[in-house]
Protein chains: 2
Amino acid sequence: MSKCEQCIIKQFNSLKSLTKEELVRISNCKTSHIIKKGTVIFEEGDAVNGVYCVKDGICKLSKLSENGKDQIVKMVVKGQLLGQRSLISNESSNLQATALNDMEVCFIPKSEIMADLQKNPKFSFDVLQDMAHDLKEADDIIVNMAQKSVRQRLAETLIYIHDSFGVNPDGTLSVLLSREDFANIVGTATESAIRVLSQFKKEGLISTIGKQIKIESLEGLKRIE
Amino acid sequence: MSKCEQCIIKQFNSLKSLTKEELVRISNCKTSHIIKKGTVIFEEGDAVNGVYCVKDGICKLSKLSENGKDQIVKMVVKGQLLGQRSLISNESSNLQATALNDMEVCFIPKSEIMADLQKNPKFSFDVLQDMAHDLKEADDIIVNMAQKSVRQRLAETLIYIHDSFGVNPDGTLSVLLSREDFANIVGTATESAIRVLSQFKKEGLISTIGKQIKIESLEGLKRIE
DNA sequence: AAGAAAACATGACAATTATCATATGATAAA
DNA sequence: TTTATCATATGATAATTGTCATGTTTTCTT
């Protein structure tokens with residue numbers, strides 16, 4: 001099994017602030033997992049007794065609302081940690097995590113992380129900064145949800161996915177989402193999301209190859225008000 | 001000037017995890033302020049070089065959107081800390097803070113807080129838990145914004161204010177907000193907020209005394225879908 | 001106390017978005 | 001391969017919400 005001390009993934013998250021000794025200790029108790037696309041990693045209400053370090057793949061964090069819709073709150077990609085919020089609050093998860101494609105993750109048990117949080121202030125501060133960043137992003141999403149139209153939010157979602165997660169060699173977005181996923185990010189009905197995407201296509205802002213989406217005019221999308 | 005070591009307010013926030021020595025040090029460099037209702041404490045883009053410990057009063061944290069609306073993201077009340085997120089990210093503020101009534105605050109300079117975050121893991125973990133809690137609340141707001149009607153969101157806002165901030169002796173909500181503030185919390189047009197409140201009144205769910213609101217049927221408000 | 005300004009209120013209408021119905025293409029299972 | 005199921009697509013219509021106009025009340029200022 002590969003070792004945390006040598007893993008390049010840790011460079012991208014708070015684990016980089018751990019000492020070599022701490023990493024060795026974590027390495028000895030972590031477990032590696034392959035998670036198939038569509039698998040629910042944890043559900044709302046589940047006790048999360050560790051964090052997942054995402055070595056490859058993407059998952060969505062979502063929350064069910066009473067009307068049956070599944071609002072996507074955040075996407076976690078390669079390099080990031082999953083489950084840290086619940087771990088710190090010492091509460092069961094308020095979100096569901098679902099793999100959007102095949103994932104490779106390492107699971108680090110709660111006890112290890114907690115021990116390091118207590119002992120290593122640099123690590124703890126790093127996690128704190130991470131959380132502060134997430135909180136800022138969440139604030140921005142609240143404002144967007146409250147003040148912008150479905151059309152604007154969907155345009156911004158496409159831009160966000162493009163800029164944050166990149167494109168395939170053929171220019172299509174590397175994160176493949178269903179129309180329903182788009183609707184659940186934007187917070188609208190699936191039909192509405194489909195309609196707006198169709199319109200973007202008519203306007204030449206995007207093109208589609210099957211369910212793959214390619215952004216044709218980033219500028220055009222940015223100009224939408 | 002009163003001393004942090006003896007201040008009861010600190011019991012309600014992360015400052016409770018500081019040692020007596022740390023509190024004495026903070027006490028010596030903190031400054032007390034009275035902030036008048038309506039005063040902007042800091043704006044979007046301002047460098048926040050410290051945290052405010054709220055000894056009395058309430059303020060709103062909001063963010064301007066392009067359409068000129070001012071979305072309220074959070075309210076900070078007596079006992080809580082204000083400005084910790086920006087401080088930790090080491091970024092200028094992403095939100096504006098405005099006093100909703102006369103406030104009494106202590107300002108603690110950044111350098112002091114940062115020093116304690118580095119040295120006192122218990123304090124640092126406490127701040128972390130606070131932030132994790134804020135993040136969870138933000139997630140819930142996102143879901144509400146995305147999936148619920150204005151009517152539902154306004155009902156929930158009334159319940160939230162009632163439960164979190166309490167009522168005056170006559171039963172009216174202790175936090176006095178303008179109709180525009182309600183609209184800016186719910187994320188709707190001021191006229192829409194007014195209309196829904198009028199409807200709640202007609203339905204006997206609330207009553208009003210001037211601009212004061214009294215909840216007549218908490219159960220009724222909870223039942224709204 | 002009078003006048004000005006702001007907040008509150010409501011009607012009329014327009015724009016946005018959701019819902020229901022239905023059709024078609026894609027994918028998986030038998 | 002055929003059927004079944006799901007995702008995508010689009011029309012028709014209803015419901016929700018926003019905008020503009022206008023009037024009233026409250027609050028502030030002088």
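## The surface near DNA strand D

In this predicted model, the surface near DNA strand D is made up of three nonpolar, five polar and eight charged residues. In total, 16 residues surround the strand. The closest are R179(A), S198(A), V150(B), T188(B) and S192(B). Both chains are therefore represented among these closest residues, given that a residue is near a strand if one of its heavy atoms lies within 4 Å of it. Of the atoms of DNA strand D that come within 4 Å of the protein, 53% belong to sugar and phosphate.

Three helices each supply at least two residues here: α6 (179–186) and α7 of chain A, and α7 of chain B. The biggest giver is α7(A), with four residues.

Individual polar contacts fill in the picture. S198(A) places a polar side-chain atom 2.8 Å from a phosphate oxygen of DNA strand D. For T188(B), an N or O atom of the side chain is 2.2 Å from a phosphate oxygen of the strand. E191(B) addresses a base instead: a polar atom of its side chain lies 3.3 Å from a base nitrogen of DNA strand D.

## The surface near DNA strand C

DNA strand C is surrounded by 15 residues. V150(A), T188(A), S192(A), R179(B) and S198(B) are the closest. By class, this surface has three nonpolar, five polar and seven charged residues. Sugar or phosphate holds 56% of the strand's atoms within 4 Å of the protein, and bases hold the rest.

The helices that each give at least two residues are α7 (190–202) of chain A, plus α6 (179–186) and α7 (190–202) of chain B. Here α7(B) gives the most, with four residues.

Two side chains reach phosphate oxygens of DNA strand C. A polar side-chain atom of T188(A) lies 2.3 Å from one phosphate oxygen. An N or O atom in the side chain of S198(B) is 2.8 Å from a phosphate oxygen. R195(B) meets a base: an N or O atom of its side chain is 3.0 Å from a base oxygen of the strand.

## The contact between chains A and B

Each chain brings 39 residues to the contact: 39 from chain A and 39 from chain B. Together the chains bury about 3,900 Å², with 66% of it on carbon and sulfur atoms. On the chain A side, L128(A), I142(A) and Q147(A) lose the most area to chain B. These three make up 17% of what that side buries.

Six salt bridges link chain A and chain B. One of them joins D140(A) to K63(B), with the closest N and O atoms 3.2 Å apart. The two chains also share 13 residue pairs in polar contact, both residues at pLDDT 80 or more.

On chain A, the elements giving two or more residues to this side are β5 (70–77), α2 (84–89), α3 (110–119) and α4 (121–147). The largest share, 21 residues, comes from α4(A). By class, the chain A side has 18 nonpolar, 11 polar and 10 charged residues.

## A sheet in chain A

Chain A holds an open sheet of four strands, in the order β1-β8-β3-β6, with antiparallel pairing. Its edge strands are β1 (31–35) and β6 (81–82), each pairing on one side only.

Strands β3 (residues 50–56) and β8 (residues 103–109) of chain A run antiparallel and are joined by six bridges. Within this pairing, C53(A) stands opposite C106(A) of β8(A).

Notes:
Residues are numbered from 1 along each chain as its sequence is written. Chains are lettered from A and ligands numbered from 1 in the order in which they are written. This is a predicted model: local features need pLDDT of at least 70, side-chain atom pairs count only at pLDDT 80 or more; totals for chains, interfaces and linings use all residues. Side-chain values use heavy atoms; hydrogens and water are left out. Contact means heavy atoms within 4.5 Å. Buried area is the accessible area (1.4 Å probe) that two parts lose on being put together, summed over both. A salt bridge is a side-chain nitrogen of Lys or Arg within 4 Å of a carboxyl oxygen of Asp or Glu. A polar contact is a pair of N or O atoms within 3.5 Å; within protein, one must be able to donate a hydrogen and the other to accept it, and residues adjacent in sequence count only if both atoms are side-chain atoms. Ala, Val, Leu, Ile, Met, Phe, Trp, Tyr, Cys and Pro count as nonpolar, Asp, Glu, Lys and Arg as charged, and the others, Gly among them, as polar. Two strands pair if DSSP finds at least two bridges between them.
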